[in-house]
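Let's look at how a few structural labels are earned. Each turn below takes one label and checks it.

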Amino acid sequence: MKTIADILPEVSARDPNQTALVEGDTRLSYGELCARAQALGRTLRELGIETGSRVALLLPNGIDFVTAYFGIAAAGAIIVPLNDGYQETELEYFTRLCDISLLVTSRRHEELCRRVLAGGRSECRPFFMEGWVFEPGKGTRADVNWVDAENPVMFQFSSGSTGTPKRIARRHHNLLFELESFVRTLGIRTDDRFLGVAPFSHVNGLMRSMMTSMFAGATLYPLERFERQRVAEVIERERITIMIAVPFMFGMLAKSRFDPVPDFSTLRLCVSASAPMPKNLNLQFHGKFGRFVRQLYGSTETGTISVNLTDDPSDSLESVGLPIRGVSVDVLSDSGDSVPADEMGELVVRSPAAIAGYEDLPEVNRESFRDGYFLTGDLGRKDASGYLYLLGRKKFFINKGGYKINPQEIEQLLEQHPAVEEVAVVGVPTQFEDEKVKAVVVKKSDVGTEELVEFCRGKIADFKIPATIEFRDSLPKSSTGKVRKKLLI
């Protein structure tokens, strides 16, 4: 059965001269990338990395990240992608949690690695990509110690309901199913040109940009960081056809003042994931660039779940579309029964790409996995055509005097006020064992609490109107643009 280590050799065998990666002035063909990854895999084996060893990857988006990812896979090890912005405490935590043997990184992190690995607190060793010299012909398919497709190939992390990261072991067959289904569903071609700007350390940038483009034999243009002008230049100059990113990236492009406005006409697919894409930002993006952003739904536990590929997305901008090939989604009531079309319930997912459970967390598994389904904790609905709509996280619904309040409803209303740039609504515990509604607002122009309260009055029930409105310069967000609501309470 195939493994992730088979991807580059198979694509290279079809067309070794096809361009795989373009980073600045550097271009690598699939033949060259495959040779580099296999040579690195051989080097890692010589350093003592064995089948099942855990190797962390602390690199920004770029050729080195892609080479290292497939090189670790070629060595038969388990890949642990880590955020390039992690600091000492975070790295110490993850190296211990995953029993990391080797940390593949760059010289820019040398001092950080020295502090993390000092004093024998970890058996982990650093490996700097700048110090590795590619020797052509060093690695071949015969050199690779093949592993079973049922074995883990990657560890990722999800905080979920516990508040602490849960280790997720995704297996070769999980990733291969997701990649094949995603490529077929989106109709990815070898002549597609992907912009790789979402972080490769996170499931969205990793699976839906980096891995998808490599699996399909397309060309990937990785960017180390999101810079509006640079992104726009690359899309226009390189005639990018697919951009899969996060909402704030599309939003920043929509809000930016370009003179002249760059030509995005080659973009045949703009896809947003990791957080909801506000409708007003989508309309702004379309107004400026003539392209709608398609919403995608997925999770670290399941991989890609659904994507909105309707011919005319203008009437369904808030939908995350239909499940991708081979994935099924149901909407359940609190009693566990399927609900009728357009009724709200918890979304549950069955997919060959999904994990069967978290490691060493039996109680959490009983809550999150049932009858072959993963209980996402997301509330949503299906319309009569089967299109999915997300309505918020179950744990973020607000309980006010026994009433269940959807914070998304209030957020969408306040975002219609012309002076509001962004807003997040949370529940704050009260002395009466319920919650009061709090809105945290980023202003576009001058506005006060009373004006926003009056704006809500008559449009939503009085008990939903925020009892507290706090103004901030920005909302706390994760690296993928998801609002960190726990920091707002």
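**Labels and their reasons**

Q: What makes a right-handed β-α-β unit in this predicted model?
A: Strand S24, helix H13 (residues 449-456) and strand S25 form that unit. A crossover counts as right-handed if, with the strands pointing away from the viewer, the path over the helix runs clockwise, so that is the path to look for here.

Q: How do you know that S24 and S25 pair?
A: Pairing needs at least two bridges, and four join S24 (residues 435-443) to S25 (residues 468-471), so the two strands pair. They run parallel, and valine 440 has glutamate 470 of S25 as its bridge partner.

Q: Why is H3 called roughly perpendicular to H7?
A: The axes of H3 (residues 63-74) and H7 (residues 203-216) come within 12 Å and cross at roughly 75°. Angles of 65 to 115 degrees count as roughly perpendicular, so the label fits.

Q: Which residues meet where H3 and H7 come together?
A: From H3 come Phe65, Val66, Tyr69 and Phe70; from H7 come Leu206, Met210, Met211 and Met214. Tyr69, Phe70, Met210, Met211 and Met214 are also among the residues that touch the most other members of the largest nonpolar core, which has 73 residues. A second, separate core has 26 residues, including Ile235 and Met243.

Q: Is lysine 404 called buried or exposed, and why?
A: Exposed: its relative accessible area is 60%, and the label needs over 50%, so lysine 404 qualifies. This lysine 404 lies in strand S22 (residues 403-405) and touches Phe397, Ile398 and Asn399, leaving aside residues up to four places away in sequence.

How values were computed: Residues numbered from 1 in each chain as written. Predicted model: local features only at pLDDT ≥ 70, side-chain atom pairs only at ≥ 80, totals over all residues. Heavy atoms only, no water. Core = buried A, V, L, I, M, F, W, Y, C linked by side-chain atoms within 4.5 Å. Buried < 20%, exposed > 50% of the residue type's maximum accessible area, 1.4 Å probe, protein only. Axes fitted to C-alpha atoms, helices over the stretch in contact; angles between N-to-C directions. Parallel < 35°, antiparallel > 145°, perpendicular 65-115°, else oblique. Contact = heavy atoms within 4.5 Å.
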